[in-house]
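Subject: The structure to look through

Hi,

Here is the structure I said I would pass on. Have a look at it first, then read on for what I found.

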Amino acid sequence: AAGLPTDPIAASRLARQGSGSACRSLFGGFAMWNRGSRTDGSDSFASSLFPLDHWPEFRMVAAICIADEKVVSSRSGMERTVQSSPYFPAWVETAQHHATEMVAMISRKDLQAVGDLAERNALLMHASALGAVPPVCYVAPRTLAIFEGCRELRRQGVGVWMTLDAGPNPVLLALAKDVDAIVEMARQCGAQRIVTGGAGAGARLVS
């Protein structure tokens, strides 16, 4: 009725203009955002990698540390980072390699490899933001507490790793059997709200 595209690729291109993350959310299961190289952005869209039932034990635990609107928006912060951080080009180059590696890791359902790489890449992104002029810091004390909580749980034999977008609220990667212990750790570290889930079913119309 709104004249929106029904082709998933066209819809993904359109969604990307509002939010990079949104271009992946159209697809169920595991999806990847293809960076593209054309100046008009026509080859920058997401595509499906693995179906919803590929890794049913995989879980994400979102720990909401700060629910308030960010002082520096994701868009503004990343624009500043792109324009002024000397570390940004190195992160982009590294992220390209990480994306290829991640596909293979998800294919073989290797949580430790996925977690290690996701955590490292997120920290590299935040390091590049800290190198902006003026610096952009999204990490809050509770974020760091949960990061250390993940490391402590790993020392205890619980598989959990943290990833983080341009904000203070970490998402913890784990298997279903460990979710209860991870939720309790996040609460003890000060998370205001916790949302758990697995791979989603993709965008769809609901009544």
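**What I found**

Of the 207 residues of the protein, 38% count as buried. Keep in mind as you read that this is a predicted model.

Let's begin with the overall build. The protein has 7 helices and 6 strands, and going along the sequence they come in the pattern α-α-β-β-β-α-α-α-α-β-β-α-β. Its radius of gyration is 17 Å, close to the 17 Å that the globule rule gives for 207 residues, so the protein is as compact as a globular protein of that length. If you lay the C-alpha trace along its principal axes, the spans are about 50 × 45 × 35 Å. About 11800 Å² of the protein is exposed, and carbon and sulfur atoms supply 55% of that.

How much of the contact comes from residues 24 or more positions apart? Among contacts with a separation of 6 or more, such pairs account for 64%.

Now the sheet. Four strands make an open sheet in the order S4-S5-S3-S6, and the pairing is antiparallel. At the edges you will find S4 (161–163) and S6 (193–197), each of which pairs on one side only. On average, neighbouring strands here are turned by 25 degrees against each other, ignoring direction. Try finding S3 (residues 58–64) and S5 (residues 171–175) in the viewer: they run antiparallel and are joined by 5 bridges. One pair to click on is Ala62 and its bridge partner in S5, Val171. Helix H6 (residues 141–155) lies across S3, S4 and S5, and runs at about 155 degrees to S4.

Next, the inside. In soluble globular proteins, nonpolar side chains tend to be buried together. Here the largest nonpolar core has 20 residues, and the ones touching the most other members are Val61, Ile146, Cys150, Val160, Leu172, Ile182 and Met185. S3, H6, S5 and helix H7 (179–188) are the elements that give two or more residues to this core. Which of them gives the most? That is H7, with 5 residues.

Leu172 is a good place to stop and look around. Setting aside neighbours within four places in sequence, Leu172 is in contact with Arg59, Met60, Val61, Ile146, Cys150, Val160, Trp161, Met162, Ile182 and Met185. Another core, of 14 residues, lies apart from the largest one, and its members include Phe30, Trp55, Met102 and Ala113.

Two acidic residues are worth a click as well. Glu119 sits in helix H5 (residues 111–130). Is Glu119 buried or exposed? Its relative accessibility is 8%, and under 20% counts as buried, so Glu119 is buried. Not counting residues up to four places away in sequence, Glu119 touches Phe147, Arg154, Trp161 and Met162. Trp161 and Met162 also turn up in the contact list of Leu172.

The other one is Asp7, in the segment before helix H1 (8–18). Its relative accessible area is 39%, so Asp7 is partly exposed. Asp7 and Asp53 are 46 residues apart in sequence, and their C-alpha atoms are 23 Å apart in space.

Happy clicking!

Conventions:
Residues are numbered from 1 along each chain as its sequence is written. This is a predicted model: local features need pLDDT of at least 70, side-chain atom pairs count only at pLDDT 80 or more; totals for chains, interfaces and linings use all residues. Side-chain values use heavy atoms; hydrogens and water are left out. Two strands pair if DSSP finds at least two bridges between them. Axes are lines fitted to C-alpha atoms, for helices over the stretch in contact, and angles run from 0 to 180 degrees between N-to-C directions. Contact means heavy atoms within 4.5 Å. The radius of gyration is taken over C-alpha atoms; the globule rule is 2.2 Å times the number of residues to the power 0.38. Buried means under 20% relative accessible area, exposed over 50%, partly exposed in between (1.4 Å probe, protein chains only). Accessible areas come from the Shrake-Rupley method with a 1.4 Å probe; for residues, only the protein chains shown count as cover. A nonpolar core is a set of buried Ala, Val, Leu, Ile, Met, Phe, Trp, Tyr and Cys residues joined through side-chain atoms within 4.5 Å.
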